[in-house]
Each structure stands twice: as C-alpha cells, then as structure tokens.
Amino acid sequence: MNKTQALLVAIIVVVVILFVLYLKTLHATPSPSPAPTSPTFPQVLIQQVTSTNGGSVVFPVLSDNFVVTVEIPSQSGLFSISPSPSPSPIFVQAWFNTHNDTLIHNDSLVVFPAPVNINQTTPIIYSDVLAQQSIPFHGYAYLVVNVSGPCTIRMSFSI
C-alpha cells in the first residue's frame with residue numbers, strides 16, 4: 001500500500017466516523033428538562049385590632065418581617081357633603097415583650113420611649129428599619145402597641 005492509498009483509507013475512515021457521530025446526534029434522546037417551577041410569593045398575614053377608646057394591644061410576633069400601621073378613623077360620615085375635619089390626633093407608644101401582657105418589664109425593648117403623635121394613617125414600625133438601625137428585636141415574642149384614642153392597628157407579616 002503506497003502513501004496515497006493509505007491517505008485515502010484514512011480519509012474514508014474519518015468520514016465514516018464523522019457520519020456515524022452525525023447520525024447519533026440526530027437521533028439522540030433529549031435530556032429531561034427540569035419541571036418548571038412557579039414563582040414563590042411571600043405569604044402575607046395581617047392581624048388587625050380596632051380600639052374604640054385607646055389602650056394597649058398585644059400582637060404575637062409571627063416573623064421577623066413585618067410592618068405596623070395605625071389608622072385613625074375619619075370623624076365625618078361616609079357620605080358627608082361638608083369637608084371632613086381632620087381626625088383627632090392620638091399618641092402611640094410601642095415595645096417588645098417576652099411576656100404575653102401589656103406591662104413594660106426590665107427585659108422589654110421600648111421602641112418609642114416617648115409617645116409619638118399620629119394624626120393620619122401611618123406605618124409606625126418597619127422591621128427592616130429596626131434591623132438597619134441595629135435594634136435587637138429578634139427573639140421577642142410579643143409587640144405591645146399603646147394608643148390614646150380610637151384607631152385600627154394593623155400588623156402585617158411576610159411569612
């Protein structure tokens with residue numbers, strides 16, 4: 001066998017191998033793709049308490065991701081024609097407790113040491129702001145919100 005014949009045989013062998021590989025890729029079974037997953041959205045849980053005369057409300061802290069909002073009711077009727085007067089302001093205080101009561105204990109974490117004046121619907125506590133300010137609220141089982149007048153207190157959790 002001379003060089004030309006050997007080269008011709010080598011080329012034929014390479015072509016046959018490439019053809020076989022090409023056929024295998026045409027009939028290859030596709031690898032199973034992962035099942036599509038639906039996006040997960042955080043669950044939101046809202047605890048709401050309406051206080052008619054003021055006082056303290058105890059909320060269990062269900063997660064470390066929450067917002068507390070105080071809503072002051074309007075003083076005019078729903079269908080009143082006259083301009084509605086601004087609601088009477090109320091004062092709000094808040095503290096975290098390890099005890100399920102409304103008292104301030106030695107181990108309570110007071111969020112508002114002085115009463116805060118609220119005269120409209122206002123978010124008063126954001127857990128992420130507390131965390132950014134290095135306020136160590138983690139581990140407290142209860143949040144106590146004390147208000148001086150009628151309002152609705154809402155604690156929303158992202159679970």
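## Close-up views of a predicted model

**View 1. Strand E4 and strand E8 pair in the antiparallel sense over six bridges.** The model shown here is predicted. Strand E4 spans residues 90-97, and strand E8 spans 142-147. Phenylalanine 96 has leucine 143 as its bridge partner in E8. Strands of a sheet pair through backbone hydrogen bonds, either parallel or antiparallel.

**View 2. E4 also pairs with E6 and with E5.** Strand E6 (residues 116-118) runs antiparallel to E4, and three bridges join them. Valine 92 has valine 116 as its bridge partner in E6. Strand E5 (residues 109-110) is joined to E4 by two bridges, again in the antiparallel sense. Here leucine 109 in E5 stands opposite phenylalanine 96. Phenylalanine 96 therefore appears in two pairings, with leucine 143 in E8 and with leucine 109 in E5. How much of E4 is covered? Six of its eight residues are buried, so the strand is mostly covered.

**View 3. Four strands form an open sheet in the order E1-E9-E3-E7.** The pairing throughout this sheet is antiparallel. Which strands stand at the edges? They are E1 (44-51) and E7 (122-126). Each has a single partner strand, so one side of each is left without a neighbour in the sheet. From one strand to the next, the twist averages 20 degrees.

**View 4. Edge strand E1 pairs with E9.** Eight bridges link E1 to strand E9 (residues 151-158), and the sense is antiparallel. Within this pair, threonine 50 stands opposite threonine 152 in E9. In a regular strand the side chains alternate between the two faces of the sheet.

**View 5. Threonine 69 sits in strand E3 (residues 66-71).** Is threonine 69 buried or exposed? Its relative accessible area is 16%. Buried means under 20%, so threonine 69 counts as buried. Leaving aside residues up to four places away in sequence, threonine 69 touches Thr121, Thr122, Pro123 and Ile124, and also Thr152, Ile153 and Arg154. Thr152, one of these contacts, is also the residue opposite threonine 50.

**View 6. Val9, Val13 and Ile17 form a nonpolar patch on the surface.** Together the three residues have about 240 Å² of accessible area. Valine 13 lies in helix H1, which covers residues 3-26. With a relative accessible area of 44%, valine 13 is partly exposed.

**View 7. Serine 134 has a positive phi.** The value is near 55 degrees, in a residue other than glycine. Where does serine 134 lie? It is in the loop between helix H2 (127-132) and strand E8 (142-147). Serine 134 is exposed, with a relative accessible area of 62%.

**View 8. The whole chain, for orientation.** The secondary structure comes to two helices and nine strands. Along the sequence, the pattern reads α-β-β-β-β-β-β-β-α-β-β. The chain has 159 residues, and 24% of them count as buried. About 10900 Å² is exposed, with carbon and sulfur atoms supplying 62% of that area. Take contacts between residues at least 6 apart in sequence: 76% of them join residues at least 24 apart.

Methods:
Residues are numbered from 1 along each chain as its sequence is written. This is a predicted model: local features need pLDDT of at least 70, side-chain atom pairs count only at pLDDT 80 or more; totals for chains, interfaces and linings use all residues. Side-chain values use heavy atoms; hydrogens and water are left out. Axes are lines fitted to C-alpha atoms, for helices over the stretch in contact, and angles run from 0 to 180 degrees between N-to-C directions. Patches are made of residues with over 30% relative accessible area and no salt bridge: like charges are joined within 9 Å, nonpolar side chains (Val, Leu, Ile, Met, Phe, Trp, Tyr) within 5 Å. Accessible areas come from the Shrake-Rupley method with a 1.4 Å probe; for residues, only the protein chains shown count as cover. A salt bridge is a side-chain nitrogen of Lys or Arg within 4 Å of a carboxyl oxygen of Asp or Glu. Buried means under 20% relative accessible area, exposed over 50%, partly exposed in between (1.4 Å probe, protein chains only). Contact means heavy atoms within 4.5 Å.
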